[in-house]
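Here's a quick tour of a few spots worth pulling up on screen. Have the viewer open and follow along.

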Amino acid sequence: MIEGTDAQDKVIQPAPVYRKWLIVGGLVLVILVLVVLTLPMMSRWLQADLSVSAERVRIGTVTREDLVHDVSVQAVVVAGDSPTLYSEHAGNIQLDVNVGDRVGPQQVVAHLANPEIHNLLDQEISNYSRLAIEVEREEILNKQQALENQRALDVATVQLTAAKREARRAAIAHSSDAISDIDLETANDELTSAQFTFDHAKSFLALDQERMDFELRTKRLSLERQGLMVENLERQAEELRIRSPVAGIVGNIDVDQRTNIMPGQKIMTIVDVSLFELDAQVPQSYADDIDIGMRAEVTIDGSNQGATVTSISPEILDNQVLVRMKFEGEPPMDLRRNQRVNTRIVLREIPDVLVVPRGQFLSSGGGRIAYVIDDESIARRTSIQTGAQGSSSVEITQGLSAGDRIILSNTESFQDYASVLITQ
């Protein structure tokens, strides 16, 4: 006999009707809660034309503060004075410095070997010594001749005095008929002769003194001329020692060691480290705002150094203007020519204005459109007007208020929609 499954069967009692209504009521309640919770979000979705994740945008807050209108550029360190040394003469050059060495003013940086100039100098110095001895000899001879001429004048003076005395004695004797007329005339003739001798000796003394002065002056002029020749050769010999005109750093060396060079050949360049300046290419849009004397700030190795705008190029190349700046005080000692440094030129300082951090919204919206985020995280397209722009912030002249939050990043992806939902 086959047994049935009666022993495994179980009687199930039907569920009460009220349990069905509890389940239905619970589902309705959950649906209502979900509707209440999602209603604001649905409302925001309905208000917005587009949704963007908050991770994809950068948000900034409008504040009221002082704005520094500046422009940040990259400047190049240039030498305000970099004299180039040239050879004055031909010769074999010996360099005493290397590229990058620091030199002082008038320091010898190279030598030129030129035996011809040194030989000529020795010869002319010898000639100068010879002429100097001739001048001294001429001075001694002149003194000797002047003494001889003075002796002759003194003798003539004594003879004239004696002749005058004899003429007086003869006149007295003749008046007393002690001598004849012939003796009186003889005494007078001797007086006349003595007078002529005295006059000639006196004239000869003056004339011979002029001759001696002339000859001595001629020899002194020859000595002076020879001295000028010696000075010229000494100058040429000194020019063989090439000196640095300024304190600075050896820039470029254009000749090789121990080579023969020609007159006028370029030797080296000395960079004056005390006159380092800065050249910066500034966009043309800022050309009208920059003026001579404006303050600038140079960042070098993390530290700031003051500078001043000294000149502005009158021409525009590649939509840029060349601006030159000079350091305030001594430039940093570790600067190098053609080194690039970050520079900020302060155009003006505007107090108490609405500012917002700089962002790509300026270019995507042309500086006339901004998306302002409200309390519901909806960014609404708003017309604005911008003013002065600094390196990190921009002035808002119309359309925004202090405390407003705006999208700073590029808004081209918003496709000019009036409202965009910013989702978390």
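## Two residues and two cores

Leucine 50 has a relative accessible area of 25%, so it counts as partly exposed, since buried means under 20% and exposed means over 50%. Keep in mind that this is a predicted model. Leucine 50 sits in strand E1, which covers residues 50-53. Its partner valine 420 is 370 residues away in sequence, yet the two C-alpha atoms are 4.8 Å apart. Beyond residues up to four places away in sequence, leucine 50 touches Ser413, Phe414, Tyr417, Ser419, Val420 and Leu421.

Now over to aspartate 279, in strand E12 (residues 276-283). Aspartate 279 comes in at 15% relative accessibility, so it's buried. Its side chain makes a 2.8 Å polar contact with the side chain of arginine 324. Setting aside neighbours within four places in sequence, aspartate 279 also has contacts that include Gln74, Ala75 and Leu322.

Here are the two side by side:

| Residue | Relative accessible area | Class |
|---|---|---|
| Leucine 50 | 25% | partly exposed |
| Aspartate 279 | 15% | buried |

What about the nonpolar interior? The largest nonpolar core has 27 residues, and Phe276, Leu278, Ile290, Met325 and Ile345 touch the most other members. Strands supplying at least two residues each include E3 (63-79), E12 and E16 (340-357). E3 gives the most, with five residues.

Methionine 325 has contacts including Ala75, Leu278, Ala296, Val309 and Ile345, not counting residues up to four places away in sequence. There's also a second, separate core of 22 residues, with Val97, Ala110, Val230 and Ile270 among them.

Terms used. Residues numbered from 1 in each chain as written. Predicted model: local features only at pLDDT ≥ 70, side-chain atom pairs only at ≥ 80, totals over all residues. Heavy atoms only, no water. Helix = DSSP H or I, 4+ residues; strand = E, 2+ residues; numbered from the N terminus. Buried < 20%, exposed > 50% of the residue type's maximum accessible area, 1.4 Å probe, protein only. Contact = heavy atoms within 4.5 Å. Polar contact = N/O pair within 3.5 Å; in protein donor to acceptor, adjacent residues only side chain to side chain. Core = buried A, V, L, I, M, F, W, Y, C linked by side-chain atoms within 4.5 Å.
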